[in-house]
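Here's a quick briefing on how the parts of this structure fit together. Have the coordinates open while you read.

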Amino acid sequence: MNYLLGAFKPACNISITFTDGKNRKQVPTKKDNGQIVMNPLFQSQETIAGKINIEPYQGKKVEHNGVKVELLGQIEMYFDRGNFYDFTSLVREIDVPGEIYERKTYPFEFSSVEMPYETYNGVNVRLRYVLKVTVTRGYAGSIVEYQDFVVRNYVPLPPINNSIKMEVGIEDCLHIEFEYNKSKYHLKDVILGKIYFLLVRIKIKNMDLEIRRRESTGAGANTHVETETLAKFELMDGAPVRGESIPVRVFLTPYDLTPTHKNINNKFSVKYYLNLVLVDEEDRRYFKQQEITLYRLKEETS
Amino acid sequence: MNYLLGAFKPACNISITFSDGKNRKQVPMKKENGQTALVPLFHSQDTISGKVCIEPYQGKKVEHNGVKVELLGQIEMYFDRGNFYDFTSLVRELDVPGEIYERKTYPFEFPTVEMPYETYNGVNVRLRYVLKVTVTRGYAGSILEYQELVVRNYAPLPDINNSIKMEVGIEDCLHIEFEYNKSKYHLKDVILGKIYFLLVRIKMKNMDLEIRRRESTGAGANTHVETETLAKFELMDGTPVRGESIPVRLFLAPYDLTPTHRNINNKFSVKYYLNLVLVDEEDRRYFKQQEITLYRLKEDASS
């Protein structure tokens, strides 16, 4: 029986290594099966270079119609799973048709590659970058090996970053004024602000601040929106009185946030909102949602 | 009848313009129909940006399932004509599904694009870069517009550039020594050298120097080689005597040369050879072929 199983094993082992693999930062990525693996981290305009090792299994030779390596930037919608939309595709043919009898190493290089979008794993969509090695064969079926890598792009501090200030409420019932110190936050930032009660004529039980992620995929009539609450932070417990000011201080570091993605290749968007929720004693919820922009700042400057 | 013909016209006019189109150098390029068109010139790591204008024809609206622009680097083998092999493919979605009633302009940008290979038009293969705009439609059929661009990549002066020196001949019959000043030449260079006759026992009629291009496509058993003689330069007319030295001075600028392309994406190679041909009085041809490397030097530096 073992012999029979062995017949379906691939004819060779393919491994992909990066030139600066030992020094390059690795970041954890969740695979489809739920496992966490460490993948190398790159930025747009970096050179992606390395070596591909093809090693036939003991006593086997690999006949092939060519070997190629592709650098692919792909968007996958979960309603259309397995169907990848390639927005970047770079190819290097690394060997002509022939036979491989023993371990063979091929160098490859994609210089200063433009990777305009960040790697993203969402509820209904994922954006990934992958190196794909194909040993093309005829009837035997091609042998394919993938190596995922993560792309993160950093932006400078925004020149204009206005605070968010707004007065909301229910006429003759509840008037509050809230203020957040910025409208744009980096992923390791702190949201500072205050909630000022101008008029309180209903019994408030508690007040929370939520961070919400809104992922919209598709376009037009086919737009699908998925909202997740990533953080729930209690600002106040008990009834406030008129004139009371509640401070806000929320650290973003503990939460699994990504930068705001606006209309990524007309396929999807990811927006973040601060949702201020007040709950009265009859468990009615009063809320005000406010969009904020998240961006990735180079870690040494944050 | 005119109405009937009008029904098959595309629903809109698509034009592609480059941001720096007015200042960017244009180079002539031979189209498939034999016409020569001027096409903008780019280099690897250039940013390719501009605008796509879509203008519906009078009184028409364009319903579409999206508009996209692609930057494609393609290799086409002439034995497999119309089937393009894409080695570079970058996509930007410009518009979501909808309708276009009037002229609409979309900006696009592909920053610092790596275009590793030069544009090449050969006998059996061509390598091209093209911007392709697609207005995706269902049953009506998508509307496509192409804008070719030429890519040329410059190389620095080589660190090592040895001369070519060789003694060849037929024993006790003809012995010559030839020397070319370099083995690597830029496209506007001059080949300098000399042919020295060590022994002459046959009656020579004339001597030519040819520049040959050898284009090989495919791989293994399917390799196809095409050789063209691009230049034929007469070095000598009449019979030389022993000890005679014939100077060589051949300017490359007048000829339609490209850089040497070695194994472009495992699809094709283009190599250049200097072929020294001696013809005797019985019209027998004696020749020695020597490979040279051609490269493109930045024009301001090549003078």
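## Domain and chain contacts

Start inside chain A, where 12 residues of domain 1 touch 15 residues of domain 2. Bear in mind that this is a predicted model. From there we move to the contact between chains A and B, and then to chain B itself.

**Inside chain A**

- The domain assignment splits chain A into domain 1 (12-151) and domain 2 (164-295), and the C-alpha centres of these two domains sit 40 Å apart.
- Together, domain 1 and domain 2 of chain A bury about 1,300 Å², with 67% of that on carbon and sulfur atoms.
- Y120(A), V123(A) and N124(A) do a good part of the work: they supply 41% of the area that domain 1 of chain A buries against domain 2 of chain A, more than any other three residues.
- Don't go looking for salt bridges between domain 1 and domain 2 of chain A, as the rule finds 0. What you do get between these domains is 5 residue pairs in polar contact, both residues at pLDDT 80 or more.
- On the side of domain 1 of chain A that touches domain 2 of chain A, β6 (67-77), β7 (84-95) and β11 (125-135) each supply at least two residues.
- By class, that side of domain 1 of chain A has 9 nonpolar, 2 polar and 1 charged residues.

**Between chains A and B**

- Chain A puts 25 residues into this contact and chain B puts in 24.
- The two chains bury about 1,900 Å² between them, 40% of it on carbon and sulfur atoms.
- For the area that chain A buries against chain B, the trio to check is E93(A), E114(A) and N266(A), which supply 28% of it, more than any other three residues.
- The rule finds 4 salt bridges across the interface of chain A and chain B. One of them joins the side chains of K267(A) and E93(B), at 3.4 Å from N to O.
- Polar contacts between chain A and chain B come to 16 residue pairs, both residues at pLDDT 80 or more.
- Two elements of chain A, β7 and β9 (104-113), give two or more residues to the side that touches chain B. The largest share of that side, 11 residues, comes from β7(A).
- The side of chain A that touches chain B has 11 nonpolar, 7 polar and 7 charged residues.
- Strand β7(A) also pairs with β7 (residues 84-95) of chain B, in the antiparallel sense over 3 bridges. Within this strand pairing, L90(A) stands opposite T88(B).

**Inside chain B**

- Chain B is assigned a domain 1 (10-149) and a domain 2 (162-293), and their C-alpha centres are 41 Å apart.
- The contact between these domains takes 12 residues from domain 1 of chain B and 15 from domain 2 of chain B.
- Domain 1 and domain 2 of chain B bury about 1,300 Å² between them, with carbon and sulfur atoms giving 67%.
- The count between the domains of chain B is 0 salt bridges, and there are 5 residue pairs in polar contact, both at pLDDT 80 or more.

**Salt bridges overall**

- Across all chains, the search of the whole structure finds 34 salt bridges.
- Among them is R103(B) with E55(B), whose closest N and O atoms are 3.2 Å apart. R103(B) lies in the loop between β8 (98-100) and β9 (104-110) of chain B and E55(B) in strand β4 (residues 48-56) of chain B, so this pair ties together parts 48 residues apart in sequence.

Conventions:
Residues are numbered from 1 along each chain as its sequence is written. Chains are lettered from A and ligands numbered from 1 in the order in which they are written. This is a predicted model: local features need pLDDT of at least 70, side-chain atom pairs count only at pLDDT 80 or more; totals for chains, interfaces and linings use all residues. Side-chain values use heavy atoms; hydrogens and water are left out. Domain bounds come from an automatic or database domain assignment. Contact means heavy atoms within 4.5 Å. Buried area is the accessible area (1.4 Å probe) that two parts lose on being put together, summed over both. A polar contact is a pair of N or O atoms within 3.5 Å; within protein, one must be able to donate a hydrogen and the other to accept it, and residues adjacent in sequence count only if both atoms are side-chain atoms. Helices (H or I, at least four residues) and strands (E, at least two) are DSSP runs, numbered from the N terminus. Ala, Val, Leu, Ile, Met, Phe, Trp, Tyr, Cys and Pro count as nonpolar, Asp, Glu, Lys and Arg as charged, and the others, Gly among them, as polar. Two strands pair if DSSP finds at least two bridges between them.
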